[in-house]
Structures are given as structure tokens and as C-alpha cells.
Amino acid sequence: MKHVDIAVIFNCPSKEYVSHGQIYDMEGVIPVCGWVRTSRESKNVAFLEINDGTTLRNLQVIIDKEKFPRPYYEKAMPVGTSVCVYGRLVRSERNGEELHMESLEILGECPQDFPLQKKYHTLEYLRTIPHLRPRTRYFEAVLRVRSTLSYAIHHYFRYEGFTYVHTPIITGSDCEGAGEMFRVTTNAWDAKGETAEEYYRQDFFGTKAGLTVSGQLEGEMAAMGLGRIYTFGPTFRAEHSNTTRHAAEFWQIEPEVCFADLNDIMDIAEDFIKSIIEDVIGNCLDEMEYFESQGAKGLWDRLNSVVHTSFARVSYTDAIDLLKRSGKEFRYPVDWGVDLQTEHERYLTEEVFKKPVFVTDYPMDIKAFYMKQNPDGKTVAATDLLVPGIGEIIGCSEREADYNKLAAAMEKRGMPLEAYREYLDTRRYGSVPHSGFGLGFERMLMYVTGVQNIRDTLLFPRTVGSL
Ligand code: 4AD
Ligand code: MG
């Protein structure tokens, strides 16, 4: 359908322009398509505000009631109706460009039971109608920043000479080893097997299979030939954490870099985070302004200052000291050896450092098997990046490159070495020091938009008890 994007009308004011390969005379009659967001009438004119998803701004359509009696435009008045309006652009002081209607085509009527009748709906309510959320300004803004952020991520890595690899979604290996894998099976619910092994042998792959929790292990294998790679794909965790920052299906960005130690990868992570923030705040000005108006006060300034400050770095051991000396009553008590909870993470990044902070060198026992063991015999060369408002957004480590140490760490955890034979081969054949990290894409999106609940960053969020 030939039509002019509303974004083009507001952003490229010139006499002629090209939209969808067609040249339009902006001073003539142009067709504009969209959905009616609001409508109202006065004695002599009717107004439609339409939006086509190309910009957060609505285009005001003016209908001269003398020229067009009510029956002509009546069907366009219900909120949600889709229309194609032919009209002439006229500049008004208040609204910028407005479209004075010359003719109207109703593309799809919208009955009164359309749930988005009001101007404002709570996010809780919108979660009950995810299929209609993209019709709201809020989700239009979230989804556009999501798209820009994805592009910024690819742009960064491409520019830095990383190769994008696609790791499998169905896998047999549990990377994080936390037992949170979803099972993949074609076995009927009543399939019988004498032993677990027999049961899985009858299944599609002839072995136990699940959805990946991380592309890291396969990513490491690719890095062993390509030097620097990254993955960007969906990951799945059957965690029963019903929080505002956990989803069962989320996207992860996982770079893996050879010939790099923990300090090198932290430098890369810091540069990467700053670069993608800069990209988003430079390209999503309208969206940023909108999120500020929706409660994320000072968002743009805050992000802008993150781009220009060095992230803090503190060891886990010192972080535990800071928490103990804080005089705060935490719900989960703190002691050397415990995993940091969100409340601890947020205290460190929001109240102590007041900026993003890398916590380094965690106790070996609370971290994954693949992390490089430090000479102290107690900690590993791992770091989490914590940011204000959220807590952990990145999990990162140097990998244990020594075959014997890695195998010992796996045995200590009761992991079947045979199932990880190919992974272990990377340490047998020309092993190199290497490091990588995983950024939770939705958490990053929360950070740059100020969105408070991960459920509002995904088109169709999957969380425990909710599909
Ligand atoms: O810290 P995690 O578990 O690290 C890994 O998966 C490593 N294999 C990464 C690597 O070194 N290649 O997860 C990485 C990040 C977390 O910091 C968090 O931002 C996000 O993934 N994440 C989640 N995001 C949303 N919902 C969940 N359930 C998440 N679990 C982790
Ligand atoms: Mg983690």
C-alpha cells in the first residue's frame, strides 16, 4: 500500500521525499496509514490522532465537518480503528504538522470491546493482554529501544573484529551446572523405561536433551579457532525465581576472547557497555524523553555520566567487608562464602560506589566449574558487573585453561567427564588463556530504559507459572 510514514512527516520536512520507494509531493495530497489512538469532536471539526509505529508521535488528522458529514468519518472514531487518510499537511504552532483530511479509507473497524480505550493503563493490566501491548506508546518505545540496542551490540562486535556465531539451542550439556535446564523430549508422557538411561535412550536424540542455559561452552570451542567470537541468542532457565529480573526465556550476549585474562575481559566489558549505551542514547532521543516522563527521572543524564566514568572494581572479599561494616540489616546475612543477593548487590552499586561496579574473585564453591582457579586455592578469576537499579547484569570469568585443574573441578562437582569430552578437548589441544562474559539482554534493556520489570521488556514474557 502506498503511504507516507509519520516519522518521515515529522523528521524530514522537505517539499518532496521518498517513502517506501515512492516520491511524494509534500504540498499535495498524501496518504498516511495508522491506528486511531484518540478521537474527539467539536462543533465544526473532528480530530483523530493516529500512530503508525514509526515514531512515538501521533499525527493529528483534522476533519472539516462541513465538508464531511458525520456518517463519512463515524467509523474512524473508535479507538483502535485502522485507517488510511488522504490529506494535506498544514503546520500548526501547537502540534507541528497536521493532516487536513481529503478522503478516508477504513482498513479495519474496531469494536467497543477493544481493551485499550483509556489513555493510560497500568503495566500490570497490560501484562494481561500482551498481544495488544505493542499498540501502546510504552511498548512501542520499549520495542524500539530493544531493536536499537540489538543493533548497537552487533555493531560494536563487528567493529571490534568479533565473529558472530550461532550456538545450538537444543543441547545435552548444562553449562552453568545449576540444574535449571528445561527438558526437550518427544516421549509420550507415559513412556516407560527401566532406568533413566534407558528412558532417555528411547527419546528423540537417544540421550537426555534440554534447552541451552548458555552458549558459552560451544562459544569457547568456536573461539579456539576464530580468536574472538560472540553469541547473541535466546537462553532458557527453569528457575523458580519469581522476581522482577528473572525470565525463563531471555536473551544473552556471550563474547569469548582468546589470549585474554580477567583484566582484559573486564576492560572489554566496560568499553562494550559504554559504547552500546552511547549508541542507544544517541539514537533513541524521543524514547529516552518518554521514559523520563514515565518515572525514569534523570535517565538520560545518568546514562550519559556512565559513559564518561570509570567503573569501580572491588574484590568479593573487600565487598563482604563493606557489607558487614555497612550497619545495614540485610534479609540475607553476609559472611565470606555466601553468594551475593540482589539486596547486597544493590547496596554496593547504589550506595557505596554509586556507579557500575565489577566484583571480582568470588569463592570457588559458589561459582561454575569452568572458571579459572586463583593461586589462593579458594577463589576464582570471575566477576559480576553490578549496576544501580538492577544488580547483576553481567557474569564474567577467565576460563580455567589447564586440563587437570578443570577436570578436577568437574569431578569435585560430580560432573560426568565423558559428557564433556569435547569441551575438555579444547584444553588438550593447544589450550590458551581465554575469557568471556554473558550479558543479560533484558536486564541491559531495563538499565537503559528504567523499565522496572523484566516482563515489560519482552514481547511475550515467559516466567514461572506463566506462558
Ligand atoms: O551469570 P550467568 O548465569 O552467566 C552465564 O551464563 C555465563 N555462561 C556467561 C558467560 O560467561 N558466557 O548469566 C549471565 C547473565 C546474568 O548476569 C544476567 O544478566 C542474565 O544473564 N540472566 C538472566 N536474565 C534474565 N532472566 C534470568 N533468569 C537470568 N539469568 C541470568
Ligand atoms: Mg551470574
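**Exercise 1. Place Asp361 and describe its backbone and its exposure.**

Step 1. Asp361 sits in the loop that joins strand E14 (357–360) to strand E15 (382–387). Helices (H or I, at least four residues) and strands (E, at least two) are DSSP runs, numbered from the N terminus.

Step 2. Asp361 has a positive phi, near 60°, although the residue is not glycine.

Step 3. Asp361 counts as partly exposed because its relative accessibility is 24%. The cut-offs are under 20% relative accessible area for buried, over 50% for exposed, and partly exposed in between (1.4 Å probe, protein chains only).

A note on the model: it is predicted, so local features need pLDDT of at least 70 and side-chain atom pairs count only at pLDDT 80 or more, while totals for chains, interfaces and linings use all residues. Residues are numbered from 1 along each chain as its sequence is written, chains are lettered from A and ligands numbered from 1 in the order in which they are written, and side-chain values use heavy atoms, with hydrogens and water left out.

**Exercise 2. Find the loop that holds Phe259, and decide whether the residue is buried or exposed.**

Step 1. Phe259 belongs to the loop between E12 and H7.

Step 2. Phi of Phe259 is positive, near 60°, in a residue other than glycine.

Step 3. Phe259 is exposed, because its relative accessible area is 62%.

**Exercise 3. Analyse the loop residue Thr136.**

Step 1. The loop runs between helix H3 (123–127) and helix H4 (137–159).

Step 2. Thr136 is buried, because its relative accessible area is 12%.

Step 3. Beyond its neighbours within four places in sequence, Thr136 is in contact (heavy atoms within 4.5 Å) with Arg37, Leu116 and Leu126.

Step 4. A polar side-chain atom of Thr136 lies 3.3 Å from the backbone nitrogen of Phe139.

**Exercise 4. Identify the residues of the largest nonpolar core that touch the most other members.**

Step 1. A nonpolar core is a set of buried Ala, Val, Leu, Ile, Met, Phe, Trp, Tyr and Cys residues joined through side-chain atoms within 4.5 Å.

Step 2. The largest has 66 residues; Phe272, Ile273, Ile277, Phe291, Leu439 and Met444 touch the most other members. Helix H7 (residues 262–283) contributes the most to this core, with 11 residues.

Step 3. Take Leu439. Residues up to four places away in sequence aside, Leu439 touches Trp251, Gln252, Ile253, Phe272, Ile273, Ile276, Ile393, Ile394 and Met444.

Step 4. Another core lies apart, with 27 residues, including Ile30, Val61, Ile63 and Met101.

**Exercise 5. Describe the cover of helix H14 and what follows the helix.**

Step 1. Helix H14 (residues 441–449) is mostly covered, with 9 of its 9 residues buried. Among them are Phe441, Arg443 and Tyr447.

Step 2. Gly450 follows H14, with a positive phi near 80°.

**Exercise 6. Describe the surroundings of ligand 1.**

Step 1. There are 24 residues around ligand 1 (a heavy atom within 4 Å); Glu176, Gln216, Glu239, Glu254 and Glu392 come nearest.

Step 2. Strands E12 (249–258), E16 (391–398) and E17 (434–440) each supply at least two residues of this shell.

Step 3. A polar side-chain atom of Glu239 lies 2.7 Å from a nitrogen atom of ligand 1. For Glu254, a polar side-chain atom also lies 2.7 Å from a nitrogen atom of the ligand.

Step 4. Taken alone, ligand 1 exposes 630 Å², and the protein buries 94% of that (Shrake-Rupley method, 1.4 Å probe).

Methods. A polar contact is a pair of N or O atoms within 3.5 Å; within protein, one must be able to donate a hydrogen and the other to accept it, and residues adjacent in sequence count only if both atoms are side-chain atoms.
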